[in-house]
Amino acid sequence: MEINWFYFSDTNTPPGEIEEILTRKNHTLNSVLRLEDLHQHIIQDDKAILFIKAITIYNVYDLCREISVMYPHVYIVLIVPDNMENVKKAMHAGASDILRTSYEFEDLLKVIVQAEKYMTHRAKKEKLYSPSLLKSDSRVISICSTKGGAGRTTLIVNFATALAKKGKKVAVIDADLQFGDIAMYYDLKPKRTIYEWVKEGYGYTHSAIDQYMSKHECGLYVLAAPPRPEFFEIIKEEHIKAAIDECKKMFDVILIDTSAYLSEIHLSCLKKSDEILILTSNDLPALRNSKLFIDTLESLNLKGNTKLILNRQTKLKTLEPQKIEGILGMSIYTVIPSQESVVNPSVNQGTPFVLTHAKTPVAKAIFSLIDKLFIEDNHVLEAKKKNKRNFFIRK
Ligand SMILES: Nc1ncnc2c1ncn2[C@@H]1O[C@H](COP(=O)(O)OP(=O)(O)OP(=O)(O)O)[C@@H](O)[C@H]1O
Ligand SMILES: [Mg+2]
């Protein structure tokens, strides 16, 4: 692979052996004399390796920190005066490697080989996730409700788990950005979340989004909500859209948990979804709000993608399903029974019930929802496609 090598010294010290070794390896070293000139060389170059030697004008660590913040994609080798060598400081300043001013030839060679190895490894990963490998058949499904506690997170967590167990590559995006608790429902303690991705990874092709996701033992990946509610403010529509697009490069199914209110961010999720599952329950306040929500989706031309799911259904519920369909003006796609003895412990323990209680009515309802969405609907779709093809042949 083609690597672009750069060298900057604030004293204009020539690169010496660095250039010699690189030339021997058939590489070209570009010496940059002014810091201002560095910008145009490395701003969009994700194959750049930069040696920085700063002794007089700049503090070497401060300079490194500035450059690494502005160009996090650049591999920086920091050349530090012997008396200032401090690996921890270099690490905190964002350096990829460190070299003492009085380096031995062997040390320099090691640094160069290591840099080459890292860049090759990174390029391989990028290739793996390149847009040309974009999964054309990935499906984005959002789950929404107009009332808190309707069961969105419970449904998405179990739905995603069951799909992952069937061998699908599944991503779950927690778009309930202030109070999302998907990670908790999986008993995961995310080190990185959508917040870190927006701050560090967004916009850089080498920072694949899965590096910011937490993997559950069943194989699925969770892009968790920010660690603190107030952090949600930095996440904008363009970020969530990009997060969905990034996930589409790697996953078969992307499931999005929204929230009980409709914001611009959630509308962006719905617009990018192939299916919108509306979760409601058998009580008048919930149905009234669901009706308003469905009307809103209709006015936004999104109703065509919606499917209605009735959660927490019990025999004691007063309204007949037909009556509910009449109120909402759409048919019920699936009914999920209420089963607190299974759902509550599963939430409290962070273990999806489809794994531990697969034979219970509530788990079976999830499995049949998957069959309906992924098998029956696919057949209908295939048949439609086939009819369309036949139609063209006949003509
Ligand atoms: N089918 C069900 N049977 C019994 N209990 C259920 C069922 N679905 C959800 N619950 C319970 O309802 C409560 C709320 O569920 P959940 O957290 O999934 O709702 P939510 O819509 O994500 O809420 P929020 O708006 O707070 O994010 C949980 O305690 C869960 O155990
Ligand atoms: Mg929730």
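**Exercise 1.** In which loop, between which helix and which strand, does Ile43 lie? State also whether Ile43 is buried or exposed.

*Solution.* The structure is a predicted model, in which local features need pLDDT of at least 70, side-chain atom pairs count only at pLDDT 80 or more, and totals for chains, interfaces and linings use all residues. Residues are numbered from 1 along each chain as its sequence is written, while chains are lettered from A and ligands numbered from 1 in the order in which they are written.

Step 1. Helices (H or I, at least four residues) and strands (E, at least two) are DSSP runs, numbered from the N terminus. Ile43 is found in the loop that links helix 2 (35-42) and strand 3 (48-53).

Step 2. A residue is buried if 20 or more other C-beta atoms lie within 10 Å of its own, exposed if 12 or fewer, and partly exposed in between, with C-beta atoms placed from the backbone. Ile43 is exposed because it has 12 other C-beta atoms within 10 Å.

Step 3. Between the C-alpha atoms of Ile43 and Lys166 there are 43 Å in space, and the two residues are 123 apart in sequence.

**Exercise 2.** Give the strand order of the open sheet of 5 strands and find its edges.

*Solution.* Step 1. Two strands pair if DSSP finds at least two bridges between them. The order is 2-1-3-4-5, and the pairing is parallel.

Step 2. Strand 2 (29-32) and strand 5 (97-100) each have a single partner strand, so one side of each has no neighbour in the sheet.

Step 3. Inside this sheet, 6 bridges join strand 1 (residues 4-9) to strand 3 in the parallel sense. Ser9 has Lys53 of strand 3 opposite it.

**Exercise 3.** Place strand 7 in the open sheet of 8 strands and describe its residues.

*Solution.* Step 1. This sheet has mixed pairing and the order 8-9-7-10-6-11-12-13. Its edge strands, strand 8 (214-215) and strand 13 (332-337), each pair on one side only.

Step 2. Strand 7 (residues 170-174) runs parallel to strand 10, with 5 bridges between them. Asp174 has Asp257 of strand 10 as its bridge partner.

Step 3. With strand 9 (residues 221-223), strand 7 pairs in the parallel sense over 3 bridges. Here Ile173 is the bridge partner of Leu223.

Step 4. In a regular strand the side chains alternate between the two faces of the sheet. In strand 7, Val170, Val172 and Asp174 point one way, Ala171 and Ile173 point the other way, and all are buried.

Step 5. Strand 10 (residues 253-257) also pairs with strand 6 (residues 139-144), in the parallel sense over 5 bridges. The partner of Val140 in strand 10 is Ile254.

**Exercise 4.** Which residues come nearest to ligand 1, and which helix gives the most to its shell?

*Solution.* Step 1. A residue is near a molecule if its C-beta atom, placed from the backbone, lies within 6 Å of it. There are 20 residues around ligand 1, and Gly148, Gly151, Arg152, Thr153 and Thr154 come nearest.

Step 2. At least two residues of the shell come from each of helix 6 (152-165), strand 12 (306-313) and helix 13 (340-349). Helix 13 gives the most, with 4 residues.

**Exercise 5.** How many helices and strands are in the chain, and what percentage of its residues is buried?

*Solution.* Step 1. The chain has 15 helices and 13 strands.

Step 2. Of its 395 residues, 37% are buried.
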